[in-house]
Every structure is written in C-alpha cells, then in structure tokens.
Amino acid sequence: MKLSEGFDARRLRPRGPGGLRWRLGAMFAALLASLGVLLTLAGASTLLGRPAALGALNDSIGAAITLLLGGLLLLWLGVSLWRRCRRQMRQRYSNELSLSPRLLKKRG
C-alpha cells in the first residue's frame with residue numbers, strides 16, 4: 001500500500017490542552033520540598049549542638065524536634081506532590097498512542 005508523501009500520523013491525534021496547571025503544581029511542590037530540606041537541616045543542626053540556624057526560634061530541644069519533624073513532613077509532601085504532578089503531565093500530555101504496557105515491545 002502506497003503512502004502519500006505528506007502523510008503525518010501525528011496530525012491525526014487530538015492536541016491536548018497545555019499543562020500549565022500541572023507545571024505550576026510541580027513548581028509549588030519543589031518549593032515545598034526545598035523548604036522541608038531547609039527546616040530539616042535547621043532542626044538537625046540544633047540537635048547536633050551547632051549554633052541555632054533560626055536564632056531564638058529554635059533554642060530548645062522541643063522546638064528543634066518540631067522543626068526536624070515538620071521539615072521531614074514538608075519534604076515528604078513536596079516529593080509526593082511533585083511525583084503526582086509529573087505523572088499526570090506524562091499521562092495526559094504525551095504525544096504517544098495509548099497502548100497497554102503489555103502490548104508494547106520489551107526493550108533490551
């Protein structure tokens with residue numbers, strides 16, 4: 001069967017909307033994760049006996065533990081939200097055909 005010169009299969013696929021919402025979500029998630037890392041480091045430095053990173057805010061051991069746990073929670077939340085946004089961007093806005101992974105050829 002002869003194909004014409006100007007045939008392009010990508011033209012047949014519907015073009016999805018832009019992924020600005022998911023990109024902004026991923027950016028916000030990255031900011032949350034970086035804030036979590038900074039808070040975790042501030043709490044850990046206070047627990048290890050280094051000078052207080054946030055001044056009088058975390059002088060006590062309880063405040064340092066709160067900063068450490070809050071930072072770890074923000075880090076976990078940011079990473080999980082970032083992964084969810086990236087997964088949605090790849091699924092919804094890819095230019096590939098929707099095929100079952102079982103039907104695709106295995107590589108390697």
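Before I describe how the helices meet, I should say that an axis here is a line fitted to C-alpha atoms, for helices over the stretch in contact, and that angles run from 0 to 180 degrees between N-to-C directions. What you see above is a predicted model, in which local features need pLDDT of at least 70 and side-chain atom pairs count only at pLDDT 80 or more, while totals for chains, interfaces and linings use all residues. Residues are numbered from 1 along each chain as its sequence is written, and side-chain values use heavy atoms, with hydrogens and water left out.

Let me take the helices in turn, where a helix is a DSSP run of H or I of at least four residues, numbered from the N terminus. Helix α1 covers residues 20-47, and its end C-alpha atoms lie 41 Å apart, in agreement with the 40 Å that its 28 residues should span at 1.5 Å a residue; that expected span is 1.5 Å times one less than the number of residues. Just after α1, G49 takes a positive phi of about 95°. Helix α2 covers residues 61-92, and for its 32 residues the expected span and the distance between the end C-alpha atoms are both 46 Å.

How, then, do α1 and α2 pack, and at what angle? The angle is about 160°, with the axes 7 Å apart, and the two helices are therefore roughly antiparallel to each other, a label that applies to angles over 145 degrees. By class, their contact has 25 nonpolar, eight polar and two charged residues, counting Ala, Val, Leu, Ile, Met, Phe, Trp, Tyr, Cys and Pro as nonpolar, Asp, Glu, Lys and Arg as charged, and the others, Gly among them, as polar.

Turning to single residues, I call a residue buried when its relative accessible area is under 20%, with a 1.4 Å probe and protein chains only. The buried residues of α1, including W22, G36 and T40, pack against α2. T40 has a relative accessible area of 15% and is therefore buried; leaving aside neighbours within four places in sequence, T40 is in contact, meaning heavy atoms within 4.5 Å, with L67, L68, G71 and L72.

On the other side, the buried residues of α2, among them L67, G71 and Q88, pack against α1. Q88 counts as buried because its relative accessibility is 18%, and the C-alpha atom of Q88 is separated by 9.2 Å from that of G19, although the two residues are 69 residues apart along the chain.

Key
Buried means under 20% relative accessible area, exposed over 50%, partly exposed in between (1.4 Å probe, protein chains only). Angles under 35 degrees count as roughly parallel, over 145 as roughly antiparallel, 65 to 115 as roughly perpendicular and the rest as oblique.
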